[in-house]
Amino acid sequence: MKYLYIIVGLIAVNLLASTYYFRLDLTQEKRFTLADVTQEYLEELDSAVFVRLYLDGELNPGFTRLQRSTNEMLDEMRAYTRVPFMKTTLDPHEYSKAEFEAFNEKLADYNMAGVPVFETKEDGQKTRTVVYPYAMVQVGSKSTIVNLLENIPGLSGEENLNKSVENLEYKLIDAIHRLMMKDKPRVAFIEGQGELDEIDVVDVADALSEYFAVDRGMINGDVTILDPYKVVIIAKPTEKFTEADKYVLDQYLMRGGKILWFLDAVSMTLDTLRTQPQTIGLYGDYNIEDQLFVYGFRVNPVVVEDMSCARIPVSVAPEGQKSQIVPMPWRFAPLFSANMRSAITKNISLVRGDFSSSIDTVGAVDGLEMRRTPLLRTSAYTREHRTPVMATLMTIHDQPVQADFNKQHLPIAVLAEGEFKSAFTHRPIPSAVRNSQKYQKADKSEKTSMIVVGDGDIIRNDVRFRNSGEPQITPLGYDEISRQTFGNKDFVVNAVQYLADEDGLMNLRNRTFTLRLLDKAKISEGTTMLKIMAIGIPILFVVIVGLLIYFYRRRAYSRKIA
């Protein structure tokens, strides 16, 4: 009868387990628990998902952990879907030569390649292996490749792998979301005020096209023209806004629209120094400052000089001698650090600026809820030059005095979320506005958000041979001197995604796992003892258990025989 109860209990437990899914996650960061927004999204999937993981083969412990975490994440996702969710793991090194070439061509389409890993073994032998930390996600006939590995300059390999594990949930669900989209939301680059040309933002527009339908056009005072767009981008205007266009932008914001501003408060470019010994920066009046002030922003008429900066090629040969080009620090090209607590800027590289201006947040309006978050900021050694600003390449040879750089962590990009007051409160509708009768003028916005960046060049990619038949586009953020890619493109794409995000998927980027590293010094000092303990203790445990069982059986059965 006792066994019958056990069998019935097991059947009941299995029936309950097949009906109700649950897991106990005892980790402090809940690293094995999917976010609520992920669970809800997976439960609503209506198409089968197929994932092929290429992270396989001979992997070191760090990449083995990433592989295991990816498999665990995919298994967890599969538990919440009602449609087929399949995964396979393949080692590209086992491909035939033709298959391997086709695989590499597909990676090249996504600007990806095998990652070389250099290691030194205990005997001093150095090894080089190539790993492929990628996953191909396929939904129906559409597919994309996901780069599972974060590679943030300045972080150790262990820290980068930990960041990679943190971002797994977001990267996988983002890929599925992109493939499942039937109609892409629309974003627009505004024209008409001397903004950057299409070719100047073609690289970031191409990156945005994976998520959005990207348009360009003029406002022309039409209050309805921005209705189809989730986000509008204003990229480095150089001419004044008309009152009619300002009103259209204002009422678009009041109706819940999102705006991303890239503004140069000082008109100044490095191109001038290619032909002249110096350049002068003057205040750029774009007739938008009063409107931004009402929204809570002031882009200061200053140029930031920072000891943390990029390099530019400069000839250091004395006059009359053959030119000798050397990369030199250019303090007017600051490298901005990112706010690691924001979903927009977490885990992105330094962002390069060019004649940037700091931003002040001005007082909040009574009765309005607003939260402002700095996204990019200067280093701890910064100074500001007020207009008019004079810059010359001769200052490159001067040794900077640290005491002169007495400002620190100046905000360059700021996110504002909440309610905004209309800049046209107690003001008449401009006469040039068209279709003004379509909407009643609002003095207070719905809950919405905007981002203001005090540098118009953060979004601009370099263009070579502009006047030739085939101009060459340099990827946004790529530095030809150091041959590294700064985080400009990631910043812009994340900013637009965050502003347009209605499901909260971008908040998955804020997951944080504490990296608990072993003490390498203690490990190196006691390696032999650790190995003896790791091998000997399990064997000793098996021997002790075996002896206990032997003596127990001998004692039990010897009594029965007696």
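1. Let's start with the charges over rings. In this predicted model, the charged end of Arg 255 is placed over the ring of Tyr 439, at 4.1 Å from the ring's centre. A second arrangement of this kind involves Phe 424: Arg 427 lies over its face, 4.2 Å from the ring centre. If you are setting up charges and ring parameters, these two pairs, Arg 255 with Tyr 439 and Arg 427 with Phe 424, are the ones I would point you to on screen.

2. Next, the ring-ring pairs. Searching the whole structure gives 12 aromatic pairs. One of them joins Tyr 54 and Phe 103, with 4.6 Å between centres and 50 degrees between planes, a tilted geometry. The two partners come from distant parts of the chain, 49 residues apart: Tyr 54 belongs to the loop between β1 (49-53) and α3, while Phe 103 belongs to helix α4 (residues 97-109). Tyr 54 and Phe 103 are both buried.

3. Another pair has a different class of geometry to look at. The planes of Tyr 295 and Phe 420 stand at 85 degrees with the ring centres 6.1 Å apart, so this pair is edge-to-face. Tyr 295 sits in helix α9 (residues 289-295) and Phe 420 in the loop between β22 (411-418) and β23 (448-453), so the pair ties together parts of the chain 125 residues apart in sequence. Both of these rings, Tyr 295 and Phe 420, are buried as well.

4. Which residues do ring pairs link into a cluster? They are Tyr 54, Tyr 95, Phe 100, Phe 103 and Tyr 132. The tilted pair of Tyr 54 and Phe 103 is therefore worth viewing with the other members of this cluster shown.5. Helix α3 (residues 61-80) contains Thr 70. Is Thr 70 buried or exposed? Thr 70 counts as buried because its relative accessibility is 0%. Beyond its neighbours within four places in sequence, Thr 70 has contacts with Leu 53, Leu 148 and Leu 168. For Leu 168, the C-alpha to C-alpha distance from Thr 70 is 6.9 Å, across a sequence separation of 98 residues.

6. Now the pockets. The largest pocket has a volume of about 1800 Å³. Its lining comprises 46 residues, and those nearest the centre are Tyr 110, Met 112, Asn 147, Lys 489 and Asp 490. Sorted by class, the lining of the largest pocket holds 20 nonpolar, 14 polar and 12 charged residues.

7. Which element gives the most to the lining of the largest pocket? It is α10, with 5 residues. The elements that each supply at least two lining residues are β3 (115-120), β6 (142-147), α6 (168-180), α7 (202-208), β27 (484-485) and α10 (488-500).

8. The second largest pocket has a volume of about 1100 Å³. Of the 39 residues lining the second largest pocket, Leu 270, Asp 271, Arg 274, Ile 312 and Arg 352 lie nearest its centre. Two or more lining residues come from each of β15 (309-315), β24 (463-464) and β26 (478-479), and β15 provides the largest share, 5 residues. By class, the lining of the second largest pocket divides into 15 nonpolar, 10 polar and 14 charged residues.

9. A few backbone details may interest you too. Thr 387 and Pro 388 are joined by a cis peptide bond, with omega about -5 degrees. Pro 388 is in the loop between β20 (382-386) and β21 (389-392).

10. Phe 355 has a positive phi, near 50 degrees, and is not a glycine. Phe 355 belongs to the loop between β17 (351-352) and β18 (359-361), and it is buried, with a relative accessible area of 1%. Arg 483 has a positive phi too, about 55 degrees, and is likewise not a glycine. Arg 483 lies in the loop between β26 and β27. What is the relative accessible area of Arg 483? The value is 68%, and Arg 483 is exposed.

11. Finally, the overall picture. The secondary structure of the protein amounts to 12 helices and 27 strands. The protein has 562 residues, and 43% of them count as buried. Taking contacts between residues at least 6 apart in sequence, 77% join residues at least 24 apart.

Note on methods. Residues numbered from 1 in each chain as written. Predicted model: local features only at pLDDT ≥ 70, side-chain atom pairs only at ≥ 80, totals over all residues. Heavy atoms only, no water. Helix = DSSP H or I, 4+ residues; strand = E, 2+ residues; numbered from the N terminus. Buried < 20%, exposed > 50% of the residue type's maximum accessible area, 1.4 Å probe, protein only. Contact = heavy atoms within 4.5 Å. 1 Å grid on protein atoms, 1.4 Å probe; cavity = no way out; pocket = protein on both sides within 12 Å on 5 of 7 lines; lining within 4 Å. Points joined across faces, edges and corners; volume = space filled by probe spheres on them. Nonpolar A, V, L, I, M, F, W, Y, C, P; charged D, E, K, R; others polar. Phe/Tyr/Trp six-rings, centres within 6.5 Å; stacked < 30°, edge-to-face > 60°. Lys NZ or Arg CZ within 6 Å of the ring centre and 35° of its normal.
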